[in-house]
Amino acid sequence: SVTIGVLNVSDRASAGVYEDTPGQACVALLREWLTTPFEVAYKVVPDDQAELESAMKQMADEDQCCLIVTTGGTGPAIRDVTPEATAAVCSKMLPGFGEQMRTTSLQYVPTAILSRQTAGIRGSTLIVNLPGRPKAIRENLEAVFPAIPYCVDLIGGPRLESNPETMKFFDPKGRRISTVIVWKPAEQVGAAIHENSSVADK
């Protein structure tokens, strides 16, 4: 069975001051985009690095989540420590996720340069930091999700399938072709498959 962790990081949400909308927004997007059945390991924690690390370790090591998405705690404020907690529990970091998300967010707000979100790998688990607002969560996760199923596959996780009508994803192994190139003539599709295979071999 497939389990995905959703970790909302917020002092106020964890204290019940306001509703946990960011975490629920993540779950809704995952349900919308994935056709693979999955269970959700869900938790709301305050902006505390020790608690964050403990929650990530539990989701990765005990709950066996193939993917953990965190929301919130990625800015420059004193209490924003999600990236630090992520780096502390991961053996490899994937800075390209944060670079792509910041590039996407800069199309909407100049303050995107203040975001420090990142991603990393712990065992067979991919951990991705997201911002704390539902609108930004969709914009950012939508930007990087096409690479997530392939990354999970590379680190030994389960094969995740997406709904091509709601989410297109990229697989360099050529097993599945994004709808981005389905419309092309046969010879171009063949060339794209060959190119993708070459990328996977690098």
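The exercises below work through the sheet, the cores and the charged pairs of one predicted model.

Local features here need pLDDT of at least 70, side-chain atom pairs count only at pLDDT 80 or more, and totals for chains, interfaces and linings use all residues. Residues are numbered from 1 along each chain as its sequence is written, and side-chain values use heavy atoms, with hydrogens and water left out.

**Exercise 1. Give the strand order of the sheet and place β3 in it.**

Step 1. Helices (H or I, at least four residues) and strands (E, at least two) are DSSP runs, numbered from the N terminus. Two strands pair if DSSP finds at least two bridges between them.

Step 2. The six strands form an open sheet of mixed pairing, ordered β2-β1-β3-β6-β5-β4. Its edge strands, pairing on one side only, are β2 (39–45) and β4 (92–93).

Step 3. β3 pairs in the parallel sense with β1 (residues 3–9) over five bridges. In this pairing valine 6 stands opposite valine 69, and leucine 7 opposite threonine 70.

Step 4. β3 also runs parallel to β6 (residues 125–130), again with five bridges; here leucine 67 stands opposite leucine 126.

**Exercise 2. Decide whether the faces of β3 are buried or exposed, and find which helices lie across this strand.**

Step 1. Buried means under 20% relative accessible area, exposed over 50%, and partly exposed in between (1.4 Å probe, protein chains only).

Step 2. In β3 (residues 67–71), five of five residues are buried. Leu67, Val69 and Thr71 lie on one side, Ile68 and Thr70 on the other.

Step 3. Helix α2 (residues 21–33) lies across β1, β2, β3 and β6, at about 155° to β1. Helix α4 (residues 82–89) lies across β1, β3, β4, β5 (119–122) and β6, at about 170° to β6. Axes are lines fitted to C-alpha atoms, for helices over the stretch in contact (heavy atoms within 4.5 Å). Angles run from 0 to 180 degrees between N-to-C directions.

**Exercise 3. Describe the largest nonpolar core.**

Step 1. A nonpolar core is a set of buried Ala, Val, Leu, Ile, Met, Phe, Trp, Tyr and Cys residues joined through side-chain atoms within 4.5 Å.

Step 2. The largest such core has 30 residues, and Leu67, Leu126, Val128 and Ile148 have the most contacts inside it. Its largest share, five residues, comes from α2.

Step 3. Apart from this core lies another, of 16 residues, including Val9 and Ile68.

**Exercise 4. Find what arginine 79 pairs with, and contrast aspartate 47.**

Step 1. A salt bridge is a side-chain nitrogen of Lys or Arg within 4 Å of a carboxyl oxygen of Asp or Glu. The whole structure holds six.

Step 2. Arginine 79 forms a salt bridge with aspartate 11, the closest N and O atoms being 2.9 Å apart. Aspartate 11 is in helix α1 (residues 11–14) and arginine 79 in the loop between β3 and α4, 68 residues apart.

Step 3. Aspartate 47 sits in the loop between β2 and α3 (49–62). Aspartate 47 is buried yet has no salt bridge; arginine 79, its nearest side chain of opposite charge, is 5.3 Å away. For charge, Lys and Arg count as positive and Asp and Glu as negative, while His and the chain ends are not counted.
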